[in-house]
2 protein chains.
Amino acid sequence: MEKGVKLFKTWSSPFGIRIVWALKVKGVQFEQIDEDLVNKSPLLLLYNPVHKKIPVLVHDGKPVVESLIILEYIEGTWKQNPLFPEDPLERAAARFWAKFGDDKVMPSIWEAFIKGREEEECAFAPAFENLKFLEEELKGKQFFGGERIGIVDIAFGWLANLVPVFEEIHAIKMIDEERFPLLHAWMQEFSKAPVIADCRPPHEKLVNKFRAIRDQSLLAAAPHA
Amino acid sequence: MEKGVKLFKTWSSPFGIRIVWALKVKGVQFEQIDEDLVNKSPLLLLYNPVHKKIPVLVHDGKPVVESLIILEYIEGTWKQNPLFPEDPLERAAARFWAKFGDDKVMPSIWEAFIKGREEEECAFAPAFENLKFLEEELKGKQFFGGERIGIVDIAFGWLANLVPVFEEIHAIKMIDEERFPLLHAWMQEFSKAPVIADCRPPHEKLVNKFRAIRDQSLLAAAPHA
């Protein structure tokens, strides 16, 4: 059996980056394998035969898949620098917000980003409704995890990476000091935190990637001439 | 602060029933509050302001929501009769299958049930693709949890309750000895297990309820005269 930790990811997927951050916080040494999703490696298909998706964490030859489940596995396996609260009630709340992010916040922002017109803030109205819950949750706290970065911060880290990208492409403000002061401050603090700052994809490269995805999607949705 | 355990649920929701089963397996005393989802109680809206949905578990006055997260909370709070495996890798696998059930198996069966025509098994083809993974997972085991009922059994308990209902309404066979022998045997074993058998909604009442939902959905989808 092959020893060690490997992470199958891509350079830009928020689901992969959250695993990188968690392993770095824990101080776990690991090898990163960047997948080409157009031409997935035989190993990725072997390790995740059900969903055939990244991220996959392979620990001593055994795969774990689904990013939030991988985060639970990391917490259960490497106890140092806890990411989850100890208290069962707080732990349930952390799991709730992480799931809310993937189930509600992410799709609502993505929908507006892909379909909304430029300079049209109102396309983001449903997303703003979801973000209000996060703003509320941050009251009296520096991070979702309190004084230090926890699982909810890591799960929402994509906000700090991608919101500035979407703002630039759409020429609007989403999370600014006026609308979401706490979330805005959180994005700044999270982005520059040690470990996190070192493992963020380059902003310009993300802008190019997501601009291309959006252009392609708009083209596909346009009525034929 | 009010002491004790309360569960907000409905008589038929699979998400509520799985919490009933878990609490019964643990031997936790609790009060059940059946909600009318057309006229939700102020308490439900107070306890679950984000999703406004059942189930909600209220423990000593503090709410926990989202059924899979409630199951984690129950396991973390009452240690007797463990529902999750101890080993982090097996625990990750259990979480994976529970999530797969809610994300993939349930929607694929529901879609076929709502839109498929009677006696038309092929409508269930995508659902069968998902069920094949479960059949594979049951190889060499009586329950998903091994020799005893675990979290994956409880998460998939709705299959044992609802598949016979859908089979009757559609006049087809979905999970039978020929197509899915292990899953078929599991449904029998699970349904008659102590604790589980005592807390299943009556079959005829479920048939009436789901027949009405389907009729209404077909009517709404029909072209207008």
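How many residue pairs are in polar contact across the interface of chain A and chain B? The rule finds two, both residues at pLDDT 80 or more. A polar contact here is a pair of N or O atoms within 3.5 Å; within protein, one must be able to donate a hydrogen and the other to accept it, and residues adjacent in sequence count only if both atoms are side-chain atoms.

Some ground rules. This is a predicted model, where local features need pLDDT of at least 70, side-chain atom pairs count only at pLDDT 80 or more, and totals for chains, interfaces and linings use all residues. Residues are numbered from 1 along each chain as its sequence is written, chains are lettered from A and ligands numbered from 1 in the order written, and side-chain values use heavy atoms, leaving out hydrogens and water.

Back to the two chains. A contact means heavy atoms within 4.5 Å. By that rule, 23 residues of chain A touch 23 residues of chain B. Together the chains bury about 2,000 Å², 81% of it on carbon and sulfur atoms. Buried area is the accessible area (1.4 Å probe) that two parts lose on being put together, summed over both.

Now salt bridges: a side-chain nitrogen of Lys or Arg within 4 Å of a carboxyl oxygen of Asp or Glu. Between chain A and chain B the count is four. One of them joins Glu66(A) to Lys99(B), with the closest N and O atoms 3.9 Å apart.

Which elements of chain A supply at least two residues each to the side that touches chain B? They are strand S4 (62–65), H3 and helix H4 (88–115). H4(A) gives the most, with nine residues. Helices (H or I, at least four residues) and strands (E, at least two) are DSSP runs, numbered from the N terminus. By class, this side of chain A has 14 nonpolar, three polar and six charged residues. Nonpolar means Ala, Val, Leu, Ile, Met, Phe, Trp, Tyr, Cys and Pro; charged means Asp, Glu, Lys and Arg; the others, Gly among them, are polar.

Next, symmetry. A turn of 180° and a shift of 0.0 Å along the axis lay chain A on chain B with an RMSD of 0.0 Å. That is the relation of a two-fold axis. The fit is by least squares on the C-alpha atoms of residues with pLDDT of at least 70 in both copies. Asp103(A) is the residue of chain A that comes closest to the axis, at 5.3 Å (C-alpha). The copies meet through the same surface, because 100% of the interface residues of chain A are also interface residues in chain B.

Now look inside chain A. Domain 1 covers 5–77 and domain 2 covers 88–215, with bounds from an automatic or database domain assignment. Their C-alpha centres lie 22 Å apart. The two domains bury about 1,600 Å² between them, 73% of it on carbon and sulfur atoms. In domain 1, Trp11(A), Arg18(A) and Trp21(A) lose the most area to domain 2, together 43% of what that side buries. Arg18(A) also meets Asp102(A) in a salt bridge (2.9 Å, N to O). H1(A) gives the largest share of this side of domain 1, nine residues.

Last, a backbone detail. The peptide bond from Ile54(A) to Pro55(A) is cis, with omega near 0°. Pro55(A) sits in the loop between helix H2 (42–47) and strand S3 (56–59) of chain A.
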